[in-house]
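Here is a short note for a colleague who is opening this entry for the first time. Please keep the sequence and the 3D view at hand while reading the points in order.

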Amino acid sequence: MMQLITSPEAWAALLTLTALEIVLGIDNVIFLSVIVSRIPPDQAKRARQIGLLLALLFRILLLSILVWLIGLTEPVFTIRDVALSWRDIILIGGGLFLIAKATHEIHGEVEAREGDEEARPSASAFFLVIVQIIIIDLVFSLDSIITAIGMAQDLEIMIAAVVIACIIMYVSSGPVARFVAEHPTTKMLALAFLVLIGVALVADGFKFHIPRGYIYFAIAFSAAVEAFNVMARRNRKRAAG
């Protein structure tokens, strides 16, 4: 342990991996912000806490079974010359779930069917949110940890990077969720991001890699445009008042 603490290479690996894990955690934060927006605020906060705690636990658990996890990248069958592993199958399933969930939420927003959601008992709604968070946490955790394995050799560095990234995700999730809940157009944009992320996961599963930099640039650019729209609406309201 002391050798790692005094090693510049170890610190460089930690900083690099932490930054990457934070970027990969954006997907988690966006999904959490959208999924908890349809339940009461007190339950939404608890759901976010449970979701991020599960994300941390899943990542540490996956790191503790590295040999089994690496085995998930071995091909299990082939479809039209494309060899698929269990990791690919999980990414495809998770991506399809994200696309279906985001599309369903977009349809609900467009049709303005808030009454249907409110009619659902809060206990079952909370349980359904937690189940969906668990599914997506598993998918994002798998993708995140396999990336970590490829970038670092020491388990301590991987665990430290994952813990730091999850802490930052926890701190940022509250403000992001409140912002999404207060601005309906921002929620629609977040749902569009989830469709984009889902498509990227499915493409990865079929060995067609879409560089994440393109996706995150599109997200950052769209978010900046939406931020200007929010500021413009706020200024118009102040001028009218």
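The points below go from the whole chain to two of its helices, one loop residue, a cavity and a pocket.

1. Please bear in mind throughout that this is a predicted model. The protein chain has ten helices and two strands, and when it is read along the sequence the elements follow the pattern α-α-α-α-β-β-α-α-α-α-α-α.

2. Two figures describe the chain as a whole. Of the 241 residues in the protein chain, 41% are buried. Among the contacts in the protein chain with a separation of 6 or more, 81% are accounted for by residues 24 or more positions apart.

3. Helix α3 is a convenient one to begin with, and its length can be checked against expectation. The 24 residues of α3 should span 34 Å at 1.5 Å a residue, and because its end C-alpha atoms are 35 Å apart, the two values agree. The buried residues of α3 include several nonpolar ones by class, among them Ala44, Ala47, Leu52 and Phe58, but Gln43, Arg48 and Arg59 are also on the buried list.

4. Isoleucine 39 deserves a separate look, since it lies in the loop between α2 and α3 (41-64). Is this residue buried or exposed? With a relative accessible area of 9%, isoleucine 39 is buried, because the cut-off for that term is under 20%. Leaving aside neighbours within four places in sequence, isoleucine 39 is in contact with Ala44, Ala47, Ala125, Phe126 and Val129. Two of these partners, Ala44 and Ala47, are themselves among the buried residues of α3. Valine 129 stands 90 residues away from isoleucine 39 along the chain, yet their C-alpha atoms are separated by 8.5 Å.

5. Helix α8 covers residues 155-182, which makes 28 residues, and it reaches 40 Å from its first C-alpha to its last, close to the 40 Å expected at 1.5 Å a residue. Where does α8 bend? The bend, of about 35°, is at serine 173, and a proline, proline 175, follows within four residues. Serine 173 is one of the buried residues of α8, as is Gly174, and the list also includes Ile157, Met158, Cys166, Met169 and Val180.

6. A search of the whole structure finds one cavity of 30 Å³ or more, and the largest cavity has a volume of about 30 Å³. Its lining consists of Leu24, Asp27, Phe140, Asp143 and Ser144, and the elements that give two or more residues to that lining are α2 (8-35) and α7 (122-151). The most comes from α7, with three residues. By class, the lining of the largest cavity divides into two nonpolar, one polar and two charged residues.

7. The second largest pocket holds about 340 Å³ of space. Of the 15 residues that line this pocket, Val176, Phe179, Thr186, Phe193 and Ala223 are the closest to its centre. Two or more lining residues come from each of α2, α8, α9 (184-205) and α10 (212-240), with α10 giving the most, five residues. The lining of the second largest pocket has 13 nonpolar residues, one polar and one charged.

8. One element links the last two points and may help in orienting the view: helix α2 gives two or more residues to the lining of the largest cavity, and α2 also gives two or more to the lining of the second largest pocket.

Note on methods. Residues are numbered from 1 along each chain as its sequence is written. This is a predicted model: local features need pLDDT of at least 70, side-chain atom pairs count only at pLDDT 80 or more; totals for chains, interfaces and linings use all residues. Side-chain values use heavy atoms; hydrogens and water are left out. On a 1 Å grid over the protein atoms alone, a cavity is a set of points where a 1.4 Å probe fits but cannot get out, and a pocket is an open set with protein on both sides within 12 Å along at least five of seven lines; lining residues have an atom within 4 Å of a point. Grid points are joined across faces, edges and corners, and a volume is the space filled by probe spheres set on the points. The expected span of a helix is 1.5 Å times one less than its number of residues. The bend at a residue is the angle between axes fitted to the seven residues ending there and the seven starting there. Buried means under 20% relative accessible area, exposed over 50%, partly exposed in between (1.4 Å probe, protein chains only). Contact means heavy atoms within 4.5 Å.
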